[in-house]
Amino acid sequence: KIKSKKELIIYSILLIFILVIIGDLFYNLAHDIAEVTIGLNYSWVFFTIMSILAIAFGIFGSSFNTYSSLYKSKDNELLLSMPLSPKVVLLSRIIGVYSMAFLYTAWVYIPSLIPYYAKVSLSVSSIVLPFLMMFVIALLVTILSCILGYFVAAISKKVKGNSIVKVILTLVFLVIYYLLYYRVVEVIENI
């Protein structure tokens with residue numbers, strides 16, 4: 001559906017607002033964690049906690065994208081009819097999944113670096129290594145999303161055509177995800 005300029009501007013403002021709100025949420029969380037961990041010279045605990053949150057957010061955001069773009073894409077036949085090898089098609093799809101995983105993890109990770117940089121003495125390693133870690137986290141999220149997307153595709157293949165079962169399985173997955181997420185929050189609070 002073609003949108004008017006007014007609708008496009010409204011959607012853009014809404015998207016920016018959501019980005020800022022969620023970024024602020026992770027910034028405030030990272031600020032509170034940095035107060036305790038970096039002040040006691042436990043930077044590794046700070047990065048462990050923020051990395052776990054970035055992985056969880058990244059998997060939640062990109063797993064359904066992985067299913068639709070990697071396993072259920074509608075243009076595979078068209079792409080395979082072109083003079084492209086299947087490896088190139090698969091690699092381009094995985095790069096797209098990695099890009100989405102990177103965006104979701106960066107949404108958590110970049111706001112968490114601001115309080116970190118405010119608390120530590122800046123050096124080349126303290127600036128470069130956290131950014132490199134963000135790329136590694138996105139790679140881990142990509143791998144986990146591909147595995148999770150494979151399971152979603154396998155389940156949806158078994159229950160072909162029955163959308164109620166698919167909805168129930170999706171809800172079960174979300175419930176399990178949130179139970180694990182709240183368990184991780186308890187562990188982080190105990191730390």
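I started at Ser51, which touches Tyr109, Met133 and Ile137, leaving out residues up to four places away in sequence; contact here means heavy atoms within 4.5 Å. Ser51 sits in helix α2, where helices are DSSP runs (H or I, at least four residues) numbered from the N terminus. Ser51 is buried at 9% relative accessible area; my cut-offs are under 20% for buried, over 50% for exposed and partly exposed in between (1.4 Å probe, protein chains only).

A note on the source: this is a predicted model, so I took local features only at pLDDT of at least 70 and side-chain atom pairs only at pLDDT 80 or more, while totals for chains, interfaces and linings use all residues. Numbering runs from 1 along each chain as its sequence is written, and side-chain values use heavy atoms, with hydrogens and water left out.

Next I looked up Tyr109. Setting aside neighbours within four places in sequence, Tyr109 is in contact with Phe47, Ser51, Ala54, Pro130, Met133, Met134 and Ile137.

Then the largest nonpolar core (buried Ala, Val, Leu, Ile, Met, Phe, Trp, Tyr and Cys joined through side-chain atoms within 4.5 Å). It has 28 residues, and Phe46, Met50, Val108 and Tyr109 touch the most other members. Two or more residues each come from α1, α2, α4 (86-119) and α5 (124-158). The largest share, 10 residues, is from α2.

I also checked Asn41, in the loop between α1 (5-37) and α2 (43-71). Its phi is near 65 degrees, positive in a residue other than glycine. Asn41 counts as exposed because its relative accessibility is 67%.

Last, His31: it lies in helix α1 and is partly exposed at 29%.
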